[in-house]
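Q: I would like a close look at one part of this model. Please pick a single helix, go through it residue by residue where you can, and then place it in the rest of the structure.

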Amino acid sequence: MRLLLVEDDAMLGAALKAGLQQDGHAVDWVRNANDAHTAWVASAQASAYEAVVLDLGLPDGSGLDLLKRARIRRLGTPVLIATARDRIADRIAGLDAGADDYMVKPIDLDELAARLRAIERRAAGRSVSTIAIGDISIDPAARSVTRAGQPVDVTARELAVLLALAKRPGAVLSRGQLIEALYGWNESIESNAVDVYVHHLRRKLGADVIETQRGLGWRLARGIQSP
Amino acid sequence: MTHAAWSLRNRLIALLATLAFVGWGTSSVWLYRSAYQEASELFDAALIETAHAVFAIIAHEALAEDEHVELEAVDHAHAERLFYQVRNGRGALVALSPGAPNEPLADANAHGFTEQVADGARYRVYTLREPSGRAAIHVGQPLAEREQLARKMALRLLLPGVVLVVLLAAGVWIIVRRVTSPLIAFSTAIDARAPSDTGAVHVERLPAELLPVGQAVNRLLGRVESALMHERTLTADAAHELRTPLAALRAQAQVALRARRDDERNTALRELIGGVDRATHLVETVLMLARLDAREVDRSALPAVALDRLVANVVDEVQAATAVRELRVEVDVPPLALRADAEALRVALRNLCENASQHAATRFRIEARADSDAVVIAVRDDGPGMTPAEQERAFDRFYRGSAGGAGTGLGLALVKRAAEMHAGDVRIGAGLDGRGVGVELVLPRGVAMPKTKGD
């Protein structure tokens with residue numbers, strides 16, 4: 001998932017970003033409300049983020065105000081509040097302002113990952129944790145993939161590419177869209193990175209899994225969509 | 001309060017009631033005396049009248065026969081008892097009214113009004129003399145009875161006054177209670193408030209005299225409210241500030257634990273160590289602030305601190321940071337001694353220099369000057385400076401500027417506390433080269449004294 005991380009604390013922000021990247025997410029990290037507003041609320045590409053991890057106490061304003069502004073602008077991006085404010089009243093205010101989830105620091109990275117998966121599931125309208133496409137089954141929580149019941153070992157980045165394609169079966173995703181799903185702002189991207197991951201996935205899952213639409217991008221092959 | 005509070009209402013009632021009572025008393029005395037005098041004049045008139053009547057009826061007979069005659073008592077309209085005696089030309093008592101004393105009511109040659117003791121009782125007597133001197137009539141009234149009657153008549157006149165004064169007192173009580181009821185209601189309303197209730201008091205129905213008080217109370221409540229808010233925000237901020245580094249440590253440790261590659265793990269562990277250092281620095285700063293907060297300074301007992309030497313030490317301490325950034329440090333501090341808490345002053349200067357070495361572009365300057373009122377110690381840099389909004393909050397605890405700086409957010413709060421300890425002030429002033437920030441620490445001149453070394 002492409003995530004926006006809003007966290008003013010330098011070290012916690014770095015740790016959360018590293019942890020989220022370990023889970024295969026592309027993370028953009030901003031450290032104040034103004035930057036968050038620019039990246040998320042005021043952005044023309046409002047749908048660039050699949051979820052926002054939001055701290056409430058920001059140096060130039062409240063994360064809650066930012067969230068309210070986003071909801072007023074009808075931005076539906078799922079928001080998970082991650083804050084040190086642990087009072088019940090704060091949690092209620094956060095959820096009522098439009099947050100989808102609320103976590104109190106200290107935050108366990110595994111729990112954060114699970115909650116983000118839950119948010120992702122709800123956004124996709126699924127109730128089970130595994131995604132099945134044809135005879136391919138993806139378990140984002142266990143980070144495991146099986147084809148025809150046989151486990152397939154994939155890296156976090158490869159899984160991210162597969163998930164991005166699996167979330168919109170039948171749709172063609174461009175190189176740019178896949179890069180967005182894979183990389184945060186400051187990460188160096190090798191020009192053929194996406195091709196490499198697609199190549200690895202084909203080798204591991206079978207060449208028929210991903211189709212190349214020349215000049216457009218990639219999509220999951222129609223053939224595997226029904227077993 | 002050690003003394004019992006006096007009541008406006010009770011005092012007003014007491015004063016007005018006293019006034020009514022004194023007025024009533026004064027008028028009563030005057031009324032009583034004039035009534036008494038009036039009665040006395042009436043009695044005297046009755047004595048004269050009776051004397052003439054007796055003279056007309058019996059004088060001739062008594063003179064002619066020279067006998068002792070019993071006479072009828074004379075009834076008078078006022079029911080007072082009058083007695084009379086008749087003397088003949090030789091001075092002998094020839095006639096007495098019933099009950100009249102046997103001793104003469106007046107001297108033989110008396111004339112007009114006299115007073116005389118006869119048979120043990122005192123009498124007011126009128127003597128009427130026959131022009132030829134052959135007879136005299138004494139008409140007497142017992143003084144005791146006369147006074148009793150006069151008093152009774154006068155007292156009867158005072159009765160309406162008593163009723164009046166009672167009505168007046170009741171009126172005073174009712175009016176004072178009614179007039180002071182808004183005051184009582186106001187104080188009851190304030191008294192009945194919950195301790196945490198800092199909402200405004202209703203002042204719409206207060207009288208004009210009380211309105212300023214109500215408004216002042218509301219202004220005070222407003223200030224209390226904002227102080228409370230500040231306190232709550234500070235507590236929430238402190239919780240946030242202390243929790244966040246711990247949360248960061250935990251997250252960074254977890255990143256290291258989840259790392260699959262060595263370089264990933266090593267990066268996370270290095271971050272973790274940096275985080276521990278930073279958390280340690282924060283805890284030390286918080287403890288320092290708490291220590292300065294708790295410290296009461298007796299300014300007259302402070303030791304002399306050589307400011308120039310202190311500044312030199314501080315510059316040495318931040319040398320590593322300034323060297324890395326290749327900053328030029330300018331020191332313009334004359335030899336000067338201050339009466340100061342050395343630790344507080346050192347911490348303040350060190351924080352100012354640390355801030356400057358973080359934010360300066362090429363250089364910063366530490367300067368001090370003393371004038372007749374104060375010593376001003378300033379640290380100025382040529383960094384990006386502060387916006388007016390940032391300047392306003394610069395000394396707030398845990399405020400790091402709108403971009404969220406890397407520090408603890410407590411440095412300038414420490415400087416402010418150090419200034420407060422010395423009854424001084426701290427303010428944001430000009431930086432260098434038309435940009436940057438200058439933080440000016442102002443210590444009152446009373447704290448400073450000329451340096452004696454080398455004189």
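A: The answer below starts with one helix, follows the chain out of it, and then widens to both chains.

The model is predicted. The helix chosen is α3 of chain A, residues 63–72.

Start with burial. Which residues of α3(A) are buried? They are G63(A), L64(A), L66(A), L67(A) and A70(A). Now look down the axis of α3(A). The buried residues fall within an arc of 160 degrees, so they line one face of the helix. The general rule helps here. An α-helix has 3.6 residues a turn, so residues three or four places apart point the same way.

Next, the neighbour. Helix α2 of chain A, residues 33–41, packs against α3(A) at an angle of about 20 degrees. The two axes are 10 Å apart. Angles under 35 degrees count as roughly parallel. α2(A) and α3(A) are therefore roughly parallel to each other. Their crossing is right-handed. From α2(A), the contact takes in A33(A), A36(A), H37(A), W40(A) and V41(A). From α3(A), G63(A), L66(A), R69(A) and A70(A) take part. By class, that makes 6 nonpolar, 2 polar and 1 charged residues.

Put the two lists side by side. G63(A), L66(A) and A70(A) are buried, and these residues also meet α2(A). L64(A) and L67(A) are buried as well.

Now leave the helix. Just after α3(A) comes R74(A), with a positive phi of about 60 degrees. R74(A) is not a glycine. It sits in the loop between α3 and β6 (79–83) of chain A. Is R74(A) buried or exposed? It has 7 other C-beta atoms within 10 Å. A residue counts as exposed at 12 or fewer, so R74(A) is exposed.

Other loops in chain A deserve a stop. K105(A) and P106(A) are joined by a cis peptide bond, with omega about 5 degrees. P106(A) belongs to the loop between β7 (101–104) and α5 (109–124) of chain A. Further along, L216(A) lies in the loop between β12 (210–213) and β13 (217–220) of chain A. L216(A) has 11 C-beta neighbours inside 10 Å, so it counts as exposed. Leaving aside residues up to four places away in sequence, L216(A) touches V172(A) and S174(A). L216(A) and V172(A) are 44 residues apart along the chain. Their C-alpha atoms are separated by 7.1 Å.

Step back to the whole of chain A. It holds 8 helices and 13 strands. Of its 227 residues, 41% are buried. Take the contacts in chain A with a separation of 6 or more: 59% of them are between residues 24 or more positions apart.

Chain A also touches chain B. How many residues are in contact? There are 23 from chain A and 26 from chain B. On the chain A side, helix α1 (residues 10–22) gives the most, with 9 residues. By class, that side of chain A has 12 nonpolar, 4 polar and 7 charged residues.

Chain B has 9 helices and 14 strands. Buried residues are 27% of its 455. Among its contacts between residues at least 6 apart in sequence, 65% join residues at least 24 apart.

Chain B offers a helix pair to set beside α2(A) and α3(A). Helix α4 (residues 262–294) and helix α9 (residues 411–421) of chain B have axes that come within 10 Å and cross at roughly 15 degrees. That makes α4(B) roughly parallel to α9(B). The crossing of α4(B) with α9(B) is left-handed, whereas that of α2(A) with α3(A) is right-handed. α4(B) supplies M288(B), L289(B), L292(B) and D293(B). They meet A413(B), L414(B), R417(B), A418(B) and M421(B) of α9(B). The class count is 7 nonpolar, no polar and 2 charged residues.

Chain B also has a counterpart to the phi value of R74(A). D119(B), a residue other than glycine, has a positive phi near 50 degrees. It is placed in the loop between β4 (112–118) and β5 (121–129) of chain B. D119(B) has 10 C-beta neighbours inside 10 Å and so counts as exposed.

Back to the helix itself. α3(A) has its buried residues along one face, α2(A) roughly parallel to it, and the exposed R74(A) just after it.

How values were computed: Residues numbered from 1 in each chain as written. Chains lettered and ligands numbered in written order. Predicted model: local features only at pLDDT ≥ 70, side-chain atom pairs only at ≥ 80, totals over all residues. Axes fitted to C-alpha atoms, helices over the stretch in contact; angles between N-to-C directions. Helix = DSSP H or I, 4+ residues; strand = E, 2+ residues; numbered from the N terminus. Parallel < 35°, antiparallel > 145°, perpendicular 65-115°, else oblique. Left-handed = near helix turned anticlockwise from the far one by under 90°. Contact = placed C-beta atoms within 7 Å. Nonpolar A, V, L, I, M, F, W, Y, C, P; charged D, E, K, R; others polar. Buried ≥ 20, exposed ≤ 12 C-beta atoms within 10 Å, placed from the backbone. Arc of directions from axis to C-beta.
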